[in-house]
Amino acid sequence: MPASIPTSTSVVESAVVDAPLAAVWHLIKLNKFADWWSALKSSDVVKDVSDETDVVRWTFKDGTVVDIKQEAHSTIDHYITYSAITSAPEMSYSSVLSTVRCWPVTSGKSANGTFVQWTANFSGDADAGVIQDARYKRQDGLADLAKAAQK
């Protein structure tokens, strides 16, 4: 068996979106990600777990289907945290917890824009390939979010 490559199990990607916080935050709902993230074919609510928690099925254009559970959400602090609870094909790691968080940019050349950070924290069994894939998906997703928010 080849030796695994030691790697960080967290990903942090961020961007300044040239659109007001309200325009960006409006798009950050798990069942709306397919409206702007080009990696997704669809994002559909599959069941209400409770009044506060939704499970959304993300179908990626590559055929991967992942059920996403909302873990936390704040319209005051402008963040959403979610986890992947099932995947077909099966994930090669045990778990991942992701957060998208938005802050208004209040001064400087990006004033009236939005700072967006998209993180992922993987279980220790995630390999370097998983981490790199997550990094690229978030970079592409942030670019897609910027395009959608600026419309």
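**Close-ups of a predicted model**

**View 1. Let's start with strand pairing.** Arg101 stands opposite Gln117 in E7. Keep in mind that what you're looking at is a predicted model. Strand E7 covers residues 114-122, and strand E6 covers 96-104. E6 and E7 run antiparallel and are paired through 9 bridges. E7 also has strand E1 (residues 10-17) as a partner: these two are antiparallel as well, with 8 bridges joining them. If you want a spot to look for in that pairing, find Val16, which sits opposite Phe115 in E7.

**View 2. Here's the largest pocket.** Its volume comes to about 450 Å³. Which residues lie nearest its centre? They are Phe60, Val66, Tyr93, Asp133 and Lys137, out of 25 residues that line the pocket. Strands E3 (54-60), E4 (65-74), E5 (79-88), E6 and E7 each give at least two residues to the lining, and helix H3 (128-149) does too. H3 supplies the largest share, with 5 residues. Sort the lining residues by character and you get 15 nonpolar, 5 polar and 5 charged.

**View 3. Now for two tryptophans, Trp37 and Trp118.** The structure has 13 aromatic pairs. In this one, the rings of Trp37 and Trp118 meet edge-to-face, with 5.0 Å between their centres and 65° between their planes. Why does the pair tie together parts that are 81 residues apart in sequence? Because Trp37 is in the loop between helix H2 (33-36) and strand E2 (40-48), while Trp118 is in strand E7. Trp37 has a relative accessibility of 5%, which is under the 20% cut-off, so Trp37 counts as buried. Trp118 is buried too, at 1%.

**View 4. Next up are Trp58 and Phe60.** Their ring centres lie 6.4 Å apart and their planes are at 80°, so this pair is edge-to-face. Buried or exposed: what about Trp58? Trp58 is buried, with a relative accessible area of 2%. Phe60 is buried as well, at 10%. Phe60 also has a charged neighbour: Lys137 lies over the face of its ring, 5.2 Å from the ring centre. You've met both in View 2, where Phe60 and Lys137 were among the residues nearest the centre of the largest pocket.

**View 5. Finally, pull back to see the aromatic cluster.** Trp37, Trp118, Trp58 and Phe60 belong to one aromatic cluster, which also includes Phe33, Trp36 and Tyr82.

Technical notes: Residues numbered from 1 in each chain as written. Predicted model: local features only at pLDDT ≥ 70, side-chain atom pairs only at ≥ 80, totals over all residues. Heavy atoms only, no water. 1 Å grid on protein atoms, 1.4 Å probe; cavity = no way out; pocket = protein on both sides within 12 Å on 5 of 7 lines; lining within 4 Å. Points joined across faces, edges and corners; volume = space filled by probe spheres on them. Helix = DSSP H or I, 4+ residues; strand = E, 2+ residues; numbered from the N terminus. Nonpolar A, V, L, I, M, F, W, Y, C, P; charged D, E, K, R; others polar. Phe/Tyr/Trp six-rings, centres within 6.5 Å; stacked < 30°, edge-to-face > 60°. Buried < 20%, exposed > 50% of the residue type's maximum accessible area, 1.4 Å probe, protein only. Lys NZ or Arg CZ within 6 Å of the ring centre and 35° of its normal. Pairing = 2+ DSSP bridges.
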